[in-house]
Amino acid sequence: METLIQKGDVNKTEPKVNSISDDSGKTMKALVYHGPGKKAWEDKPVPVIEKTTDAIVKILKTTICGTDLHIMKGDVPEVTDGRIIGHEGVGIIDEVGNSVSSFKKGDHVLISCITSCGKCEYCKKGMYSHCEDGGWILGHLIDGTQAEYVRIPHADNSLYPIPAGADEEALVMLSDILPTGFECGVLNGQVKPGDTIAIVGSGPIGIAALLTAQFYTPAEIIMIDQDDNRLSVAKTFGATQTINSANEDAVKKIMSLTGGKGVDVAIEAVGIPETFELCQEIIAPGGRIANIGVHGKSATLHLETLWSKNITITTRLVDTVTTPMLLKTVQSKKLQPNQLITHHFRLNQVMEAYDTFGNAAKEKALKVILTNE
């Protein structure tokens with residue numbers, strides 16, 4: 001592991017780079033999407049400074065997200081042939097544009113999955129995911145982090161300094177899954193002390209919701225999945241009950257556990273119609289359904305049964321507004337997201353890593369770490 005460099009004050013006398021990089025002839029290796037079911041580890045040009053607010057970051061560690069699997073299946077049609085995938089990681093700044101004031105070459109940084117200009121109408125509302133010149137663009141609308149280098153637009157608002165001595169692998173979990181589970185699941189679900197909550201999906205995002213829900217001391221946290229290994233892991237992370245929906249009727253089990261009422265909060269953390277419909281079946285009157293999953297297909301909304309039940313249904317793309325707070329909880333060891341990491345690969349083993357992550361039940365995989373050595 002390289003020695004971490006503390007972020008200090010930018011040296012005002014140090015000359016900045018030109019707004020256009022001179023590295024346009026260099027190449028790097030990257031994971032490239034070529035349509036549903038097609039990907040390749042291939043040469044791509046090293047990214048260059050395109051705007052004065054950009055930074056070029058050398059990737060040190062990155063990971064694969066469930067959203068990346070949705071992309072590979074063709075569930076996110078905006079992702080076009082030739083796109084470098086990935087929206088999570090930590091790295092070291094290789095170059096900054098003239099207008100970047102908070103970072104300099106050599107700083108170690110956490111990359112947010114959401115790009116924020118900090119100035120538009122949506123950013124001023126804290127809705128960074130809908131930034132008019134950003135949002136979720138990395139590995140989606142622009143090239144992403146499963147590469148040796150990545151260009152980060154609006155670097156001042158889209159990067160976070162890594163404290164000296166921090167566990168970089170743990171911080172990769174702060175790029176996306178922890179703020180996503182917390183904001184889209186726990187906060188949108190308005191989890192309160194004493195609540196009974198069900199999290200449908202015990203993958204990394206579901207576990208992130210499980211971990212952060214415990215900030216609010218719910219009475220019960222019921223995890224639902226079809227993978228016994230993931231349910232076992234969820235138990236060690238604080239789940240009070242687990243249900244394998246492949247082996248038993250999840251609705252009947254939930255009703256048995258709740259005296260026939262259902263749960264106060266149902267968090268959908270998979271992204272398929274069946275799991276969203278399950279949330280509708282298990283929610284109690286006055287309850288909240290919080291959708292996290294990335295849905296590539298239409299799901300039925302059962303208003304014929306929900307219209308009279310005072311149900312709140314929320315959707316959200318993570319805004320990462322809670323990342324600074326979560327960073328503090330990780331630094332203080334209140335959260336230990338490195339426990340989610342089950343597999344390690346070199347970055348050039350990314351194709352193997354996708355096979356492992358895509359066969360999570362067989363491989364007993366939660367999060368994989370890819371290290372650029």
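Contact here means that heavy atoms lie within 4.5 Å, and the model to which the exercises apply is a predicted one.

**Exercise 1.** Determine whether Thr67 is buried or exposed, and find which residues it touches beyond those up to four places away in sequence.

*Solution.* Begin by placing the residue: Thr67 belongs to helix α1, which covers residues 66-73. Next, take its relative accessibility, which is 14%; because buried means under 20%, Thr67 counts as buried. Finally, leaving aside residues up to four places away in sequence, Thr67 touches His87, Trp136 and Val294.

**Exercise 2.** Describe how strand β5 is enclosed and how it pairs with strands β3 and β6.

*Solution.* Start with burial: strand β5 spans residues 89-96, and 7 of its 8 residues are buried, so the strand is largely enclosed by the rest of the structure. Then turn to strand β3 (residues 55-62), which pairs with β5 in the antiparallel sense over 6 bridges, with Ala55 standing opposite Val96 of β5. Last comes strand β6 (residues 108-111), which runs antiparallel to β5 and is joined to it by 4 bridges, and here Gly89 stands opposite Ile111 of β6.

**Exercise 3.** Identify the residues of the nonpolar surface patch that includes Ile313, and classify the exposure of Ile313.

*Solution.* The patch is formed by Leu301, Leu303, Trp307 and Ile313, which together have about 440 Å² of accessible area. Of these residues, take Ile313, which lies in strand β14 (residues 312-314). Its relative accessibility is 34%, and since partly exposed covers the range between under 20% and over 50%, Ile313 counts as partly exposed.

Note on methods
Residues are numbered from 1 along each chain as its sequence is written. This is a predicted model: local features need pLDDT of at least 70, side-chain atom pairs count only at pLDDT 80 or more; totals for chains, interfaces and linings use all residues. Side-chain values use heavy atoms; hydrogens and water are left out. Helices (H or I, at least four residues) and strands (E, at least two) are DSSP runs, numbered from the N terminus. Buried means under 20% relative accessible area, exposed over 50%, partly exposed in between (1.4 Å probe, protein chains only). Patches are made of residues with over 30% relative accessible area and no salt bridge: like charges are joined within 9 Å, nonpolar side chains (Val, Leu, Ile, Met, Phe, Trp, Tyr) within 5 Å. Accessible areas come from the Shrake-Rupley method with a 1.4 Å probe; for residues, only the protein chains shown count as cover. A salt bridge is a side-chain nitrogen of Lys or Arg within 4 Å of a carboxyl oxygen of Asp or Glu. Two strands pair if DSSP finds at least two bridges between them.
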